[in-house]
Amino acid sequence: MVEVASQIVICLAAAAFIGFLIGFIIGRAFGGDRRPVYSSVTSHGGAAAGNIYNKPLIRSSPRPTGKDKLQDIEGIDKEMENKLNSLGIFHFDQIAKWNAKNCHWVEEYFTLEDNQIKEENWVEQAGKLSKII
């Protein structure tokens, strides 16, 4: 009796393995490419940002004294100021603390030209303006 039961279990295991193998082969042959597709454009209208660890430090809201007028930085217009504010950038000292990776992240996020922030000296201008205020 035990021999018959063990043979049944072996046959069921073999049938399950063969069924899995056939299903896998058929799925690969007719399933197509099932990898997830990620859009390169995000809800903010810009390109999908790269490494999140390169994202600059942001604030949930401006300081009680109010937000800085980021348009005082040459290269930042009203539209870009609104985009930066929606991201959580409200003050000159936030921009003044950006490193090269932060700048690259912001350029990717807002689909700016490569090295635009460096060429327009946003970080240096922000540093000077944050000391003035």
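In this predicted model, Cys11 is exposed, with a relative accessible area of 53%, whereas Cys103 counts as buried at 11% relative accessibility. A disulfide is a covalent bond between the sulfur atoms of two cysteines. In the present structure the count comes to 0 disulfides, the criterion being a pair of cysteine sulfur atoms within 2.5 Å.

Aromatic contacts were considered next. A pair of aromatic rings is described by the distance of the centres and the angle of the planes. A search of the whole structure returns 3 aromatic pairs. For Phe20 and Phe24 the ring centres are 6.5 Å apart and the planes meet at 25 degrees, so this pair is classed as stacked, the limit for that class being an angle under 30 degrees. Both residues belong to helix α1, which covers residues 2–30, and because they are 4 residues apart in this helix, about one helical turn separates Phe20 from Phe24. With a relative accessibility of 59%, Phe20 is assigned to the exposed class, while Phe24, at 46%, is assigned to the partly exposed class.

A second stacked pair is made by Trp105 and Tyr109, whose ring centres lie 4.8 Å apart and whose planes are inclined at 15 degrees. These two residues are placed in helix α4, which covers residues 100–109, and since they are 4 residues apart there, the separation of Trp105 and Tyr109 is again about one helical turn. Trp105 and Tyr109 are both buried, and ring pairs join them with Phe110 into a cluster.

The part of helix α1 that holds Phe20 and Phe24 also contributes to the surface. A nonpolar patch is formed there by Phe17, Ile18, Phe20, Leu21, Ile22, Phe24, Ile25, Ile26 and Phe30, and together these residues present about 1000 Å² of accessible area. Leu21, one of the residues of the patch, is located in helix α1 and is partly exposed, its relative accessible area being 39%. This value satisfies the requirement for patch residues, which is a relative accessible area over 30%.

Charged side chains were examined in the same manner, and the search of the whole structure finds 3 salt bridges. In one of them, Arg63 is paired with Asp93, and the closest N and O atoms are 2.7 Å apart. Because Arg63 lies in the loop between α1 and α2 (78–87) and Asp93 lies in helix α3 (residues 92–96), this salt bridge ties together parts that are 30 residues apart in sequence. Arg63 itself is partly exposed, with a relative accessible area of 28%.

Helix α2 contains further contacts of this kind. The side chains of Glu81 and Lys78 form a salt bridge with an N to O distance of 4.0 Å, and as these residues are 3 residues apart in helix α2, they are separated by about one helical turn. The two partners fall into separate accessibility classes, for Glu81 is buried at 4% relative accessibility, while Lys78 is partly exposed at 48%. In addition, Lys83 and Glu79 meet in a salt bridge at 3.6 Å, N to O; the residues are 4 residues apart in helix α2, so that about one helical turn lies between Lys83 and Glu79. Lys83 is partly exposed, and its relative accessible area amounts to 29%.

Note on methods
Residues are numbered from 1 along each chain as its sequence is written. This is a predicted model: local features need pLDDT of at least 70, side-chain atom pairs count only at pLDDT 80 or more; totals for chains, interfaces and linings use all residues. Side-chain values use heavy atoms; hydrogens and water are left out. Rings of Phe, Tyr and Trp (its six-membered ring) pair if their centres lie within 6.5 Å; planes under 30 degrees apart count as stacked, over 60 as edge-to-face and the rest as tilted. Buried means under 20% relative accessible area, exposed over 50%, partly exposed in between (1.4 Å probe, protein chains only). Patches are made of residues with over 30% relative accessible area and no salt bridge: like charges are joined within 9 Å, nonpolar side chains (Val, Leu, Ile, Met, Phe, Trp, Tyr) within 5 Å. Accessible areas come from the Shrake-Rupley method with a 1.4 Å probe; for residues, only the protein chains shown count as cover.
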